[in-house]
Amino acid sequence: MALRTIVNSTEDVLHKKCKEVPEVTDKTRELLDDLVETMRAANGVGLAAPQVGILRRICVIEVPEDPKTYELINPEIIFKEGDQYGEEGCLSVPGLCGDVHRPKKVKVKCLDRNGKEVIYEGKDLLARAFCHEIDHLDGHIYTEIADNIRDVNYSEEE
């Protein structure tokens, strides 16, 4: 495992649609491990491959209230329900946050690290994280749809 450099929102790689992963290999699993290590080191909730300069449809997510580490390869949202409006930030947009509308509940179909198709269901923060990371894979950053973009103060970062 290795820490990767997180790219800034001004980098072109974050504004391009990622390519599907044709086959899950050891190199894919190594990238998943690196994404998890990098996300944890940066105190993030999620991290997508383009955030470390790789245009592949791969992301990882960990939310505080769920002990599971979600590793998603070629994810697609197959169900959305409800609405939530809340604050988001991004490791590629340091120092800023904004308010975003997201579905309250989503189902995501993807491949796991073994190439097996799985469906994950997420509510609240997990649903928000699924949407946020999949947006990255489609070349979008939350600031494109956020209201009230503002500096993060120290109490918000803690």
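A disulfide here is a pair of cysteine sulfur atoms within 2.5 Å. Keep that cut-off in mind for the cysteines below. One caveat before going on: this is a predicted model.

## Cysteines without partners

How many disulfides does the structure hold? The count is 0. Take C131: its sulfur sits 11 Å from the closest cysteine sulfur, which belongs to C59, and that is too far for a bond because a disulfide needs the two sulfurs within 2.5 Å. C131 is also buried, at a relative accessible area of 5%.

C110 tells a similar story. The closest cysteine sulfur is again in C59, 7.8 Å away from the sulfur of C110, so a bond is ruled out by distance. With 3% relative accessibility, C110 counts as buried.

Then there is C97, a residue of strand 5 (residues 96–102). C97 is buried too, its relative accessible area being 2%. If you want a sense of how the chain spreads out, compare C97 with N74: they are 23 residues apart in sequence, and their C-alpha atoms are 27 Å apart in space.

## Salt bridges across the chain

On to the charged side chains. In general, side chains of opposite charge can pair when their charged atoms come close. In this model the count of salt bridges comes to 17. Three of them are laid out here, with the closest N to O distance for each.

| Pair | N to O distance | Accessibility of each residue |
|---|---|---|
| R57 and E20 | 3.8 Å | R57 6%, E20 48% |
| D33 and R113 | 2.5 Å | D33 25%, R113 22% |
| E121 and K107 | 3.9 Å | E121 42%, K107 31% |

What does each pair tie together? The salt bridge between R57 and E20 has an N to O distance of 3.8 Å. It links distant parts of the chain, 37 residues apart: R57 is in the loop between strand 1 (46–48) and strand 2 (58–61), while E20 is in the segment before helix 1 (26–41). Is each partner buried or partly exposed? R57 is buried, at 6% relative accessible area, whereas E20, at 48%, counts as partly exposed.

For D33 and R113, the closest N and O atoms are 2.5 Å apart. D33 belongs to helix 1 and R113 to the loop between strand 6 (105–111) and strand 7 (117–123), so this salt bridge ties together parts that are 80 residues apart in sequence. Here D33 is partly exposed, with 25% relative accessible area, and R113 is partly exposed as well, with 22%.

The E121 and K107 salt bridge has its closest N and O atoms 3.9 Å apart. E121 is in strand 7 and K107 in strand 6, so the pair connects parts 14 residues apart in sequence. Relative accessibility is 42% for E121, which makes it partly exposed, and 31% for K107, also partly exposed. Beyond single pairs, there is a network: K17, E20, R57 and D138 are joined by salt bridges that share partners.

## A buried arginine

R128 deserves its own paragraph. You'll find R128 in helix 2 (residues 124–137), and at 6% relative accessibility it counts as buried. Which backbone oxygen lies 3.5 Å from a polar atom of the R128 side chain? That oxygen belongs to G86. Setting aside neighbours within four places in sequence, R128 is in contact with Q84, Y85, G86, E87, E88, V100 and R102.

## Surface and backbone oddities

Out on the surface, I78, F79 and I119 make up a nonpolar patch, together offering about 250 Å² of accessible area. Of these, I119 lies in strand 7.

Finally, two asparagines to look at if you're checking backbone angles. N43 isn't a glycine, yet has a positive phi of about 55 degrees. N43 is located in the loop between helix 1 and strand 1, and with 70% relative accessibility it counts as exposed. N148, also not a glycine, has a positive phi near 55 degrees. N148 is found in strand 8 (residues 147–151) and is partly exposed, its relative accessible area being 49%.

Note on methods
Residues numbered from 1 in each chain as written. Heavy atoms only, no water. Helix = DSSP H or I, 4+ residues; strand = E, 2+ residues; numbered from the N terminus. Buried < 20%, exposed > 50% of the residue type's maximum accessible area, 1.4 Å probe, protein only. Polar contact = N/O pair within 3.5 Å; in protein donor to acceptor, adjacent residues only side chain to side chain. Contact = heavy atoms within 4.5 Å. Salt bridge = Lys/Arg side-chain N within 4 Å of Asp/Glu carboxyl O. Patch = residues over 30% accessible without salt bridge, like charges linked within 9 Å, V, L, I, M, F, W, Y side chains within 5 Å. Areas by Shrake-Rupley, 256 points an atom, 1.4 Å probe, with all protein chains shown as cover.
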